[in-house]
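Ready for a few exercises on how chains meet? Grab the structure, try each task yourself, and then walk through the solution.

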Protein chains: 4
Amino acid sequence: MFFASDNSGPVHPEILSAIVRANDGYAMAYGADRKMQQALETLKEVFEAPQAAVYLVSTGSAANALALATLSQPWQTVFCSPQAHIHQDECNAPEFFGGNKLTIVPGGDKIEAAALRSTISQEESRGVHGPQRGPISITQITEKGNVYSLKELHEITRVATDFGLLVHMDGARLANAVVRLGCSPAEATWKAGINAVSFGGTKNGCLQLEAVVLFEPEFAWEFELRRKRGAHLISKHRYLSAQLSTYLKDNLWLESARQANRNATRLAKALQERQIELVSEPEANMIFFRASRKLHQRLFEKGAVYHLWDGTIEGPKNELITARLVCDWSLSSSQLDAFAALF
Amino acid sequence: MFFASDNSGPVHPEILSAIVRANDGYAMAYGADRKMQQALETLKEVFEAPQAAVYLVSTGSAANALALATLSQPWQTVFCSPQAHIHQDECNAPEFFGGNKLTIVPGGDKIEAAALRSTISQEESRGVHGPQRGPISITQITEKGNVYSLKELHEITRVATDFGLLVHMDGARLANAVVRLGCSPAEATWKAGINAVSFGGTKNGCLQLEAVVLFEPEFAWEFELRRKRGAHLISKHRYLSAQLSTYLKDNLWLESARQANRNATRLAKALQERQIELVSEPEANMIFFRASRKLHQRLFEKGAVYHLWDGTIEGPKNELITARLVCDWSLSSSQLDAFAALF
Amino acid sequence: MFFASDNSGPVHPEILSAIVRANDGYAMAYGADRKMQQALETLKEVFEAPQAAVYLVSTGSAANALALATLSQPWQTVFCSPQAHIHQDECNAPEFFGGNKLTIVPGGDKIEAAALRSTISQEESRGVHGPQRGPISITQITEKGNVYSLKELHEITRVATDFGLLVHMDGARLANAVVRLGCSPAEATWKAGINAVSFGGTKNGCLQLEAVVLFEPEFAWEFELRRKRGAHLISKHRYLSAQLSTYLKDNLWLESARQANRNATRLAKALQERQIELVSEPEANMIFFRASRKLHQRLFEKGAVYHLWDGTIEGPKNELITARLVCDWSLSSSQLDAFAALF
Amino acid sequence: MFFASDNSGPVHPEILSAIVRANDGYAMAYGADRKMQQALETLKEVFEAPQAAVYLVSTGSAANALALATLSQPWQTVFCSPQAHIHQDECNAPEFFGGNKLTIVPGGDKIEAAALRSTISQEESRGVHGPQRGPISITQITEKGNVYSLKELHEITRVATDFGLLVHMDGARLANAVVRLGCSPAEATWKAGINAVSFGGTKNGCLQLEAVVLFEPEFAWEFELRRKRGAHLISKHRYLSAQLSTYLKDNLWLESARQANRNATRLAKALQERQIELVSEPEANMIFFRASRKLHQRLFEKGAVYHLWDGTIEGPKNELITARLVCDWSLSSSQLDAFAALF
């Protein structure tokens with residue numbers, strides 16, 4: 001009954017097997033091995049983006065911070081949601097790598113085009129004195145488990161285009177969005193006007209694998225240098241390429257995400273049947289629900305593991321507290337049902 | 001009819017004379033001259049803070065950025081108003097010097113204690129993942145010309161104390177606040193719980209003079225090194241010490257600010273008599289008023305110089321636009337009356 | 001016949017097995033799992049340093065850059081060898097993470113105490129104007145494969161103590177040094193006056209594992225924050241703890257290094273028997289030899305893989321070129337002999 | 001008898017007068033005044049560089065650090081002399097502003113083309129792992145008072161061109177070099193292949209004035225943003241423009257430098273007549289001489305002020321110590337002769 005995060009589950013057995021198989025003989029380090037090139041080619045094919053530049057790193061924060069630093073200048077500001085991981089959960093990594101500011105677009109976890117336009121308009125009204133307008137960063141799926149529709153993406157990137165700005169997508173859970181949207185990875189990204197994607201694998205069955213896909217190849221060499229300077233160039237790249245190849249092969253990445261989303265849907269339905277109040281209909285692999293502290297305490301006692309979102313486990317019994325449940329691909333129906341039965 | 005800024009007026013003649021007088025013979029550079037030490041001692045006496053460490057720089061942004069970098073760590077966030085100069089008008093200097101983030105306290109130009117407490121509480125709820133709580137920076141007088149009362153200052157620094165945080169005051173116009181509050185510089189700062197002040201002179205009759213007063217002397221050497229590393233150690237310090245000595249002598253700094261405030265009061269009264277709508281009663285040397293674009297256009301044509309705050313000079317004639325008028329010590333009654341007569 | 005680097009070989013089978021075994025069920029991310037704590041305790045025991053703070057990262061550059069940034073201030077300079085990895089091979093990562101300068105101690109790959117003392121003495125002679133003296137960083141074993149004796153270490157740390165400076169050891173190959181010195185890990189580090197170690201695993205049989213051991217625990221929390229801010233906090237820590245536990249268990253780390261050193265000794269002997277000129281007697285797992293370009297070309301054609309150190313493969317046939325051979329634990333006697341037979 | 005530095009003397013009376021004259025009425029801040037534009041135009045004319053972008057700052061370190069940050073990337077290294085001000089006397093400002101490394105070109109205070117070529121060649125031999133080649137920074141006149149001949153400049157910039165690198169000149173004392181070389185400012189800079197100059201005024205009669213001349217105008221806007229972000233945008237620019245206009249008018253800047261050089265020549269001759277050993281024939285306004293500590297002590301007692309270069313004032317009487325004498329334009333013949341008479 002482990003719903004704390006989708007980085008708490010095991011590595012997918014096929015990916016682990018690939019790592020084991022990769023452990024044979026000698027290979028040039030730092031990505032100079034042949035299999036690495038093959039894996040990266042496959043990733044470009046998946047995105048239908050032969051011109052893209054693709055790189056591997058080992059944390060999602062590294063993917064985000066390096067991508068944004070590459071797309072921006074230190075005197076610019078990056079526009080993001082108040083809920084963005086880059087704002088709330090990276091301990092100033094974006095400010096460190098890019099030297100710039102984050103400007104919060106007022107609203108919820110999803111940036112709305114109108115609010116974005118208004119926020120950008122207000123910025124850069126003071127010539128050299130104020131921060132200059134920089135890239136927009138959106139999170140797909142969001143930290144609250146919501147999915148931008150293709151229409152919403154196009155509306156946002158339209159604003160970017162109007163101001164001549166680039167758009168970065170934090171896709172730590174992009175797979176969950178792609179299966180939800182039922183579109184191609186290309187449609188979900190560059191065809192919708194996205195210029196760079198942090199493409200996550202770790203939360204979806206990999207051991208440790210995040211990719212950055214730069215659809216504007218002129219940033220390629222700068223990214224490589226920033227990655228090295230950020231001490232993020234992994235030496236034994238063959239274990240990254242093994243993960244990536246297997247993750248992409250036969251749509252394993254999409255199948256895993258589909259299963260994770262399905263798990264969330266099943267669990268949400270079971271909770272609703274038990275009259276549990278959901279904050280919103282789950283769109284991908286996360287559920288936010290509200291319940292009394294008393295109930296949370298009972299679930300914790302029974303061994304359930306998940307995060308409370310707006311309160312602590314100690315306090316008045318009847319206070320309502322929102323909690324987050326994250327499903328990954330690995331959860332079985334019986335695990336889900338056993339958990340739901342506790343409510 | 002020049003109300004664009006209090007850095008547009010002339011240097012006070014006494015200060016200019018002091019610069020001229022200082023131009024005699026040879027003096028050790030970089031603040032090692034004897035007169036520099038005297039001037040700094042005087043500044044400490046003005047603040048009744050013999051233990052303080054005081055340093056001179058040549059821009060207000062340098063004073064702010066160096067002070068905040070010294071009081072903070074790169075993984076912390078600095079709490080400030082959405083209107084703060086450090087946020088809006090320093091092109092990411094705080095992020096550059098300190099490496100950290102700015103967290104906006106929702107509300108107006110003055111930070112309110114309750115909003116500050118709530119904002120700080122929400123920060124640092126994620127252990128190592130999120131930014132850590134850092135210093136609070138308030139602006140006295142604010143960018144909108146408002147003055148924190150001593151009570152409000154104490155309420156804010158009480159919040160800081162509760163969380164163990166330091167408080168910086170951007171006092172580019174501190175003089176205007178001190179005369180408004182009718183208290184001593186000490187009461188307006190360290191006795192109200194302020195740990196470091198950017199003490200402005202340039203907007204109040206100096207040629208180019210900003211001081212940083214660190215009431216916590218353990219930061220002294222770090223500040224000196226940060227100033228040098230920031231390329232902000234002026235070589236010919238004797239012209240800074242000449243300014244500082246004269247600025248402080250016989251309360252010239254307070255008299256100048258008093259005159260500036262008086263000028264704003266006179267002008268505000270004249271505008272109100274002409275039925276001009278003020279955004280608020282002026283508390284120091286700034287006036288914000290609302291008028292039709294048509295009126296602004298006429299004033300501009302007559303040679304008035306000031307900044308529009310929420311619109312441009314071209315557009316529909318009857319649209320109401322807020323504008324800012326800043327008075328310095330140098331404006332004569334006749335200049336003020338001539339300007340008011342244009343309305 | 002792969003001697004390009006000790007990061008080109010396979011992961012040790014026991015370590016790979018541990019990773020596979022770790023892939024069971026759910027575990028809290030970011031190092032909050034129980035096994036992580038056990039693994040870190042074991043590391044402290046290995047170093048006989050119960051008070052130490054220990055952290056895992058995924059590259060040696062991250063270990064170095066984060067450790068040095070933690071031990072230094074941005075206005076200081078780090079003293080190192082002209083051959084140091086932090087100077088030559090990290091694309092300004094130390095300057096990025098620490099904001100400081102590197103001052104080269106003249107000499108060879110090993111810093112000599114007298115040169116160090118002289119270099120430190122010359123620094124910081126200009127008060128606030130020049131860089132301030134910061135930590136010393138030494139590499140054990142060096143980039144040239146040499147090993148500091150305990151006596152040499154004590155001489156260096158004595159200089160550090162005389163100036164009140166801290167000492168960092170880049171121990172990407174510390175294991176190879178410990179077996180060569182025949183001393184305990186404690187004797188090779190903190191008992192010799194070292195304050196922080198980058199403790200390598202990746203070059204000695206791990207998949208991806210570098211630890212930082214801070215013998216001064218007051219730096220612990222700062223290091224954690226710097227690691228997160230540097231985007232170096234790995235999410236699925238359980239696979240790191242699995243590696244670390246197994247690496248340390250039953251002295252696997254020392255046995256692997258011993259085997260690597262033995263391999264280098266065997267190969268060096270074979271080369272010497274074939275009249276190949278070694279730059280110096282190998283002290284650990286690296287051999288530097290000089291041979292004509294013609295010979296290198298022949299070896300390359302036969303499939304040998306290694307790096308030329310001071311020239312390229314194309315050019316005059318008879319020119320002498322130095323090359324580096326690195327042995328890891330995995331090389332078999334027959335592989336070594338087959339390679340030697342090519343000469 | 002003040003020879004400590006050329007920033008110890010008074011402001012030239014004509015420049016001071018200009019500052020006083022500028023103190024009339026109101027002027028837009030931050031360089032938006034009309035006189036500022038005129039002054040900058042004049043500077044471009046002096047350099048015969050109508051396309052150049054020119055900016056004012058208030059310290060030489062700011063000019064250097066901002067110029068180099070603008071010309072470089074954070075993953076590059078800046079090539080400079082071991083004696084360079086940017087390396088020895090700016091407390092890591094270049095590393096702070098640019099994020100990059102400084103690579104020392106072995107040799108004396110003047111970089112020699114052959115050593116430069118060799119140093120550049122060795123850098124960037126490791127692909128993404130090592131620092132990338134960045135701009136070259138030379139100091140004219142050098143910290144040791146030597147002057148690069150036009151031939152030497154051309155040799156250096158030829159190397160730069162061969163590698164596709166830019167060249168920055170720290171011209172804190174450029175005026176002294178131009179009069180020594182007897183060439184035009186253009187010949188001494190961009191016609192010799194220099195891409196950006198820190199053009200000093202403070203050491204040559206200004207109160208506080210350093211300019212940056214970017215001969216490559218595509219860097220203009222970036223420089224402006226870096227200047228603001230570095231908190232180096234002075235508000236009351238009219239006092240800077242007053243200085244600059246007067247400094248350039250009627251060749252005052254060259255006349256002042258000529259007088260300073262003449263003073264050094266006269267003093268050097270007087271010392272040589274007294275059998276004092278000069279380190280080298282003075283080429284501009286600095287003299288380095290060697291004398292016993294006993295002599296230095298006597299001179300100090302008589303009130304002479306200058307810096308010892310390789311020793312302290314206390315110690316064995318007969319030890320030889322090198323000292324630096326800097327002459328500015330303001331020294332009178334009688335002051336020089338009185339000082340020489342002490343020897």
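**Exercise 1. Work out how much area chain B and chain D bury between them, and find the residues of chain B that supply the most.**

Step 1. Start with the area: about 4400 Å² is buried between chain B and chain D, and carbon and sulfur atoms give 61% of that. Keep in mind that you're looking at a predicted model.

Step 2. Now look for the big contributors on chain B. B:Tyr26, B:Phe96 and B:Lys236 supply 20% of the area that chain B buries against chain D, more than any other three residues.

Step 3. Count who takes part: 51 residues of chain B touch 51 residues of chain D.

**Exercise 2. Describe the side of chain B that touches chain D: its polar links, its elements and its residue classes.**

Step 1. Check for salt bridges between chain B and chain D; the count is zero. Polar contacts are another story, with 26 residue pairs across this interface.

Step 2. Next, see which elements give two or more residues to this side of chain B. They are α1 (13-22), α3 (60-71), α5 (93-98), α10 (220-229) and α11 (238-248) of chain B.

Step 3. Sort the residues by class, and you get 26 nonpolar, 18 polar and seven charged.

**Exercise 3. Find the operation that lays chain B on chain D, and say what kind of axis it implies.**

Step 1. Turn chain B by 180 degrees, with a shift of 0.0 Å along the axis, and it can be laid on chain D with an RMSD of 0.0 Å.

Step 2. That's the relation of a two-fold axis.

Step 3. Compare the contact residues: 100% of those of chain B recur in chain D, so the same surface serves both copies.

**Exercise 4. Now take chain C and chain D, and go through their interface in the same way.**

Step 1. The contact takes 20 residues from chain C and 20 residues from chain D. About 1600 Å² is buried between these two chains, with 39% given by carbon and sulfur atoms.

Step 2. Count the salt bridges between chain C and chain D: there are four. One of them joins D:Asp89 to C:Arg126, whose closest N and O atoms are 2.7 Å apart.

Step 3. Add the polar contacts, found for 16 residue pairs across the interface of chain C and chain D. On the side of chain C that touches chain D, the elements giving two or more residues are α4 (85-88) and β3 (101-104) of chain C. The largest share, three residues, comes from α4(C).

Step 4. By class, this side of chain C divides into seven nonpolar, eight polar and five charged residues.

Step 5. Finish with the symmetry. A rotation of 180 degrees with 0.0 Å of shift along its axis superposes chain C on chain D, at an RMSD of 0.0 Å. Here too the same surface serves both copies, as 100% of the contact residues of chain C recur in chain D.

**Exercise 5. Decide whether B:Thr246 is buried or exposed, and list what it touches.**

Step 1. Place the residue: B:Thr246 lies in helix α11 of chain B.

Step 2. Apply the cut-off. Buried means under 20% relative accessible area, and B:Thr246 is at 10%, so B:Thr246 counts as buried.

Step 3. Leave aside the neighbours within four places in sequence, and B:Thr246 is in contact with B:Glu14, B:Ile15, B:Ala18, B:Arg21 and B:Leu252.

Methods: Residues are numbered from 1 along each chain as its sequence is written. Chains are lettered from A and ligands numbered from 1 in the order in which they are written. This is a predicted model: local features need pLDDT of at least 70, side-chain atom pairs count only at pLDDT 80 or more; totals for chains, interfaces and linings use all residues. Side-chain values use heavy atoms; hydrogens and water are left out. Copies are superposed by least squares on the C-alpha atoms of residues with pLDDT of at least 70 in both. Contact means heavy atoms within 4.5 Å. Buried area is the accessible area (1.4 Å probe) that two parts lose on being put together, summed over both. A salt bridge is a side-chain nitrogen of Lys or Arg within 4 Å of a carboxyl oxygen of Asp or Glu. A polar contact is a pair of N or O atoms within 3.5 Å; within protein, one must be able to donate a hydrogen and the other to accept it, and residues adjacent in sequence count only if both atoms are side-chain atoms. Helices (H or I, at least four residues) and strands (E, at least two) are DSSP runs, numbered from the N terminus. Ala, Val, Leu, Ile, Met, Phe, Trp, Tyr, Cys and Pro count as nonpolar, Asp, Glu, Lys and Arg as charged, and the others, Gly among them, as polar. Buried means under 20% relative accessible area, exposed over 50%, partly exposed in between (1.4 Å probe, protein chains only).
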